[in-house]
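Please examine the fold shown below before reading on. The paragraphs that follow move from single residues to a helix pair and then to the interior.

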Amino acid sequence: MQKNLFVVSSAIDTPLSIYSKAVRFAQTLQTMQSIQKYAPNSDIVILDAGQIALENSDKDYLLEQGCTMLIDYTQEPFVQNTQATQPYDVIKNLIELNIFHNYYQQLHASGKSYERIFKLSGRYVLNEHFDLAQHLNAHGQVVVKGPLKTQFRAEITNNAQWQYMSRLVSFDWKMLGLMVEVYAQMCHKMSEMINSGHYLDIEHLLFQYLPPDKVRTVSEFEHIGVSGRLGGQGLWVHD
């Protein structure tokens, strides 16, 4: 049986965060440890898009602790320009969209293959409700939490009303090409919305662009199996 791949979004060292570098580094280690516990023998790739690159000793430690690969986006012009010119919510969502699109493109062209790909936000850990079989059995489908009603006013989202939660999303390896296209559409739409004075985050864009017939939803009354703290407020979520 092939391995699974967990792709973890992260901004470990950034003054924009309510968390210190030390806390974010510890959170990243906890994320990795939870993957090793609940989805053993998985590859773990960390996409780091903080404002300050990690020191080599920190990178080496993450690799020693089980990170398969750490990709440093901190020096990318797009990342630096977005951090310098946009408000926090836009920074977080626009950068995450673009680095995942970039990585999925690279992965699609690499010739590697996995059983299933999991996107996991870096402040979160898998918890006791995570059911690996639930994801592996969703052949040809994206597993995602939702849909949930928007928390934004209609004038902000240009009347977008529904969203899928992006803390944990998984999909079959054979769907990677589709996800590259979906992320390209979401990147374009988010930029378009920002330029027109509106705003849509990743969650609302996932609802808009994931093909409904390719989605297996986890309802708001069920657990998808992640716990962690929201980025802007630090509120604890046990999902």
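Helices, of at least four residues, and strands, of at least two, are DSSP runs numbered from the N terminus. The model is predicted. With that numbering, asparagine 41 is placed in the loop between α1 and β2. The phi angle of asparagine 41 is near 70°, which is a positive value in a residue other than glycine. Is asparagine 41 buried or exposed? Exposed means over 50% relative accessible area, so asparagine 41, at 60%, counts as exposed.

A second loop residue, tyrosine 19, lies between β1 and α1, the latter spanning 21–38. The cut-off for a buried residue is under 20% relative accessible area, and because tyrosine 19 has a value of 13%, this residue is buried. From C-alpha to C-alpha, tyrosine 19 is 36 Å from asparagine 137, and the two are 118 residues apart in sequence.

The backbone also deserves attention at strand β6, where proline 147 lies. The peptide bond that joins glycine 146 to proline 147 is cis, its omega being near 0°.

Two helices may now be considered together. Helix α4 (residues 88–110) packs with helix α7 (residues 176–195) at an angle of about 150°, and their axes are 9 Å apart. Because angles over 145 degrees count as roughly antiparallel, α4 is roughly antiparallel to α7. The crossing of α4 past α7 is left-handed. Residues of α4 that make the contact include Leu94, Leu97, Phe100 and Tyr104, and those of α7 include Val180, Tyr183, Met186 and Ile194. Sorted by class, the contact has 14 nonpolar residues, 7 polar residues and no charged residues.

In soluble globular proteins, nonpolar side chains tend to be buried together. In this model the largest nonpolar core has 43 residues, and Leu47, Tyr103 and Tyr104 are those with the most contacts inside it. Elements that each supply at least two residues of this core are β1 (5–10), β2 (43–48), α4, β6 (142–149), β7 (162–172), α7 and α8 (202–209). Which element gives the most to this core? That element is α4, with 10 residues. Leaving aside residues up to four places away in sequence, tyrosine 103 touches Leu5, Val7, Val45, Leu47, Ile71 and Tyr73. A second core, separate from the one just described, has 26 residues, among them Val8, Leu54, Leu70 and Phe130.

How values were computed: Residues numbered from 1 in each chain as written. Predicted model: local features only at pLDDT ≥ 70, side-chain atom pairs only at ≥ 80, totals over all residues. Heavy atoms only, no water. Axes fitted to C-alpha atoms, helices over the stretch in contact; angles between N-to-C directions. Parallel < 35°, antiparallel > 145°, perpendicular 65-115°, else oblique. Left-handed = near helix turned anticlockwise from the far one by under 90°. Contact = heavy atoms within 4.5 Å. Nonpolar A, V, L, I, M, F, W, Y, C, P; charged D, E, K, R; others polar. Core = buried A, V, L, I, M, F, W, Y, C linked by side-chain atoms within 4.5 Å. Buried < 20%, exposed > 50% of the residue type's maximum accessible area, 1.4 Å probe, protein only.
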